[in-house]
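Here is a guided look at a protein chain, written for someone meeting structures early in their studies. Keep the sequence and the 3D view beside you as you read.

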Amino acid sequence: MTASIVVAPPNLCFHSSEPEQKFEIFNVHQHPVKFVVKATAPEKYIISNTEGMINTQCKVSITVTHVDVCVTNENVRDKFRIYFSLLKNKKLEAIGHRDVSAVLYAQKKASPMRAEGGSITTSTTTTSSSSSSPARRSSHPSSASSRSVVAQSPLSVSEVPPPDAVHGHNLLVYLVPMVLGVAALWLPTQDSVPGTPWYLELSVVTKHTICFFLGVLVTLFYKRVQQTER
């Protein structure tokens, strides 16, 4: 019976910087379901909803806050057990339970920005040490700046497409619809050529519409060509 009830995620990971986590209960059963949440260490957690009803095809979100974040509780595995009862014919029938584990981990690792900061400090130290030899610095004034530019640029030259390829791709956006429009104007008008399949015949209104859009495309194409030449 509990196969019609989904609890996700099955594991909660707490940190000192993130003492609050959530899990959701989905009721895909055809009847409402009552839930009751129990914890193996209730003094360590605050649960937003310890019990309630979930209508069919609905879900409920439960927030769990760890209130005893300390070193002694790190890597200690606790458990939340959710008991379910099916509401059928105004009577509750116990149908089983699901478990959600909870673990408190140590502080998250520092972001890579700290490592980058260390490299900046190193480069500053190198610059200050090089300042003690003014003759050497003056003999290569542009080499250090060129190295710094290369180090800061994450893209290589091979990743940048040539300008001709970009312009050619933009022009194709106009050329392909123009060719298709001209080809459509060559198709026979309705009832003008007996025996022509219906899907190859176009009405006069359709051809007028194609002519209008062709004029717009030609104008845009001309402007694009002028911009490319500049």
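The report below goes from the overall layout to the strands, the salt bridges, the unusual backbone spots and the surface.

**Overall layout**

Please keep in mind that this is a predicted model. The protein has 5 helices and 9 strands. Their order along the chain, starting at the N terminus, is β-β-β-β-β-β-β-β-β-α-α-α-α-α. Of the 230 residues in the protein, 20% are buried. The protein exposes about 16200 Å², and carbon and sulfur atoms supply 61% of that area. Now take the contacts between residues at least 6 apart in sequence: 60% of them join residues at least 24 apart.

**How the strands pair**

Strand 3 is a good place to begin. This strand covers residues 20-27. Strand 1 runs antiparallel to strand 3, and 4 bridges join the two. Here Ala-8 has Glu-24 of strand 3 as its bridge partner. Strand 3 also pairs with strand 7, again in the antiparallel sense, over 8 bridges. In that pairing, Asn-27 stands opposite Cys-58 of strand 7.

Which residues of strand 3 lie on its covered face, and which on its uncovered face? Gln-21, Phe-23, Ile-25 and Asn-27 make up the covered face, while Glu-20, Lys-22, Glu-24 and Phe-26 make up the uncovered one. There is a general pattern to recall here: side chains in a regular strand alternate between the two faces of the sheet.

Strand 8 is the next one to follow. Strand 4 (residues 33-39) pairs with strand 8 in the antiparallel sense over 7 bridges, and Val-33 stands opposite Leu-86 of strand 8. Strand 8 also pairs with strand 9, in the antiparallel sense, over 12 bridges. There, the partner of Ile-82 is Arg-98 in strand 9.

**Salt bridges**

How many salt bridges are counted in this model? The count comes to 4 salt bridges. The table lists some of them, with the distance from N to O.

| Acidic residue | Basic residue | N to O distance |
|---|---|---|
| Glu-24 | Lys-59 | 3.6 Å |
| Glu-51 | Lys-34 | 3.7 Å |
| Asp-99 | Arg-81 | 2.8 Å |

The side chains of Glu-24 and Lys-59 meet in a salt bridge. This pair links distant parts of the chain, with Glu-24 in strand 3 and Lys-59 in strand 7, 35 residues apart. Glu-24 is partly exposed, at 25% relative accessible area, whereas Lys-59 counts as exposed at 51%.

Glu-51 forms a salt bridge with Lys-34. Glu-51 is in strand 6 and Lys-34 in strand 4, 17 residues apart. Glu-51 is partly exposed at 48%, and Lys-34 counts as partly exposed at 26%.

Asp-99 and Arg-81 also meet through their side chains in a salt bridge. Asp-99 belongs to strand 9 and Arg-81 to strand 8, 18 residues apart. Asp-99 counts as partly exposed at 32%, and Arg-81 counts as partly exposed at 26%.

**Unusual backbone spots**

Most residues other than glycine have a negative phi, and most peptide bonds are trans. With that in mind, a few places are worth finding in the 3D view. Ala-8 and Pro-9 are joined by a cis peptide bond, with omega about -5 degrees. Pro-9 sits in the loop between strand 1 (5-8) and strand 2 (11-14).

Gln-57 has a positive phi, near 60 degrees. Its place is the loop between strand 6 (51-54) and strand 7 (58-66), and Gln-57 is exposed at 57% relative accessible area. Asn-89 has a positive phi as well, near 55 degrees. Asn-89 belongs to the hairpin of strand 8 and strand 9, which has 2 residues between the strands. Is Asn-89 buried or exposed? Asn-89 is exposed, with a relative accessible area of 68%.

**Cysteines and a surface patch**

A disulfide is a covalent bond between the sulfur atoms of two cysteines. In this model the count comes to 0 disulfides. Cys-58 is partly exposed at 36% relative accessible area, and Cys-211 counts as partly exposed at 40%.

Finally, look for a nonpolar patch on the surface. Leu-172, Leu-175, Val-176 and Leu-180 make this patch of about 350 Å². Val-176 is found in helix 4 (residues 163-185) and is partly exposed, with a relative accessible area of 45%.

Conventions:
Residues are numbered from 1 along each chain as its sequence is written. This is a predicted model: local features need pLDDT of at least 70, side-chain atom pairs count only at pLDDT 80 or more; totals for chains, interfaces and linings use all residues. Side-chain values use heavy atoms; hydrogens and water are left out. Helices (H or I, at least four residues) and strands (E, at least two) are DSSP runs, numbered from the N terminus. Buried means under 20% relative accessible area, exposed over 50%, partly exposed in between (1.4 Å probe, protein chains only). Patches are made of residues with over 30% relative accessible area and no salt bridge: like charges are joined within 9 Å, nonpolar side chains (Val, Leu, Ile, Met, Phe, Trp, Tyr) within 5 Å. Accessible areas come from the Shrake-Rupley method with a 1.4 Å probe; for residues, only the protein chains shown count as cover. Contact means heavy atoms within 4.5 Å. A disulfide is a pair of cysteine sulfur atoms within 2.5 Å. Two strands pair if DSSP finds at least two bridges between them.
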